[in-house]
Amino acid sequence: MFSITTKTDEETQAIGRHLAGLVSAGDVILLDGDLGAGKTTLTKGLAAGLGIHRYVKSPTFTIIREYKEGRLPLYHMDVYRLENGGGDDLGLDEYFNGQGVSVVEWSQFVKGELPAERLTIHLHRDESNIDRRTLTFDPQGEHYQKMTDKLEAQYDE
């Protein structure tokens with residue numbers, strides 16, 4: 001596990017762009033954090049790094065947005081509205097085992113549907129400076145540990 005602190009939305013997006021260079025088909029990234037913590041901001045950077053040029057916005061009301069024009073498809077999920085269940089009806093495993101990268105916001109609401117191996121990124125916004133965020137990377141599985149190690153090496157330089 002390691003953490004990175006950002007001071008602007010642009011820095012948060014830059015981390016997403018770096019992460020895009022490390023992901024592969026079938027990767028699952030969970031973004032956990034309160035409202036306004038930067039989950040969609042990080043996803044915008046990931047999308048840009050994958051070569052997706054469409055505007056990325058939170059899929060709060062649609063639950064899943066698919067972006068297929070990049071190096072890999074991006075499946076951006078906001079499962080907040082599934083707080084009372086329903087994740088098993090979405091066929092999430094088809095996304096998780098597919099040819100794209102799945103990004104899941106509010107993953108605690110579908111924890112029974114999540115693969116054992118994944119990368120969880122905890123985002124925390126500093127209340128005294130709302131632009132300052134701490135991103136903590138928590139890899140589960142060897143693949144995600146290697147990905148996290150590479151990202152950490154980029155930020156240690």
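Here is a quick tour of one protein chain, from its overall build down to a few single residues.

**The whole chain**

First things first: this is a predicted model. The chain has 4 helices and 7 strands, and if you walk along the sequence you meet them in the order β-α-β-α-β-β-α-β-β-β-α. Its C-alpha trace spans about 45 × 30 × 30 Å along the principal axes. How does the radius of gyration fit with a compact globule? For 157 residues such a globule would come in near 15 Å, and the chain has 14 Å, so the two agree.

Of the 157 residues, 46% are buried. Take the contacts between residues at least 6 apart in sequence: 64% of them join residues at least 24 apart. On the outside, the accessible surface comes to about 8000 Å², with 45% of that belonging to carbon and sulfur atoms. As for charge, the chain carries 17 positive and 26 negative charges, and the mean positions of the two sets are 5 Å apart.

**The core**

In soluble globular proteins, nonpolar side chains tend to be buried together. Here, the largest nonpolar core has 42 residues. Among the residues with the most contacts inside this core are L19, I29, L46 and F137. Strand 2 (residues 28-32) supplies the largest share of the core, with 4 residues.

I121 is also one of the residues with the most contacts inside the core. Which residues does I121 touch, leaving out those up to four places away in sequence? They are L19, I29, L30, L31, D32, L42, L135, T136 and F137.

**Two residues to look up**

Here are two buried residues side by side.

| Residue | Relative accessible area | Place |
|---|---|---|
| T41 | 15% | helix 2 (residues 39-49) |
| W106 | 13% | loop between strand 5 (101-105) and strand 6 (118-125) |

T41 counts as buried because its relative accessibility of 15% is under the 20% cut-off. Beyond its neighbours within four places in sequence, T41 is in contact with D9, T12 and Q13. E11 is 30 residues from T41 in sequence, while their C-alpha atoms are 9.7 Å apart in space.

W106 is worth a look for its backbone. Most residues other than glycine have a negative phi. Phi of W106, however, is near 65°, a positive value in a residue that is not glycine. This residue sits in the loop between strand 5 and strand 6, and with a relative accessible area of 13% W106 is buried.

Definitions and conventions: Residues are numbered from 1 along each chain as its sequence is written. This is a predicted model: local features need pLDDT of at least 70, side-chain atom pairs count only at pLDDT 80 or more; totals for chains, interfaces and linings use all residues. Side-chain values use heavy atoms; hydrogens and water are left out. Helices (H or I, at least four residues) and strands (E, at least two) are DSSP runs, numbered from the N terminus. The radius of gyration is taken over C-alpha atoms; the globule rule is 2.2 Å times the number of residues to the power 0.38. Buried means under 20% relative accessible area, exposed over 50%, partly exposed in between (1.4 Å probe, protein chains only). Contact means heavy atoms within 4.5 Å. Accessible areas come from the Shrake-Rupley method with a 1.4 Å probe; for residues, only the protein chains shown count as cover. Lys and Arg count as positive and Asp and Glu as negative; His and the chain ends are not counted. The place of a charge is taken as NZ of Lys, CZ of Arg, CG of Asp or CD of Glu. A nonpolar core is a set of buried Ala, Val, Leu, Ile, Met, Phe, Trp, Tyr and Cys residues joined through side-chain atoms within 4.5 Å.
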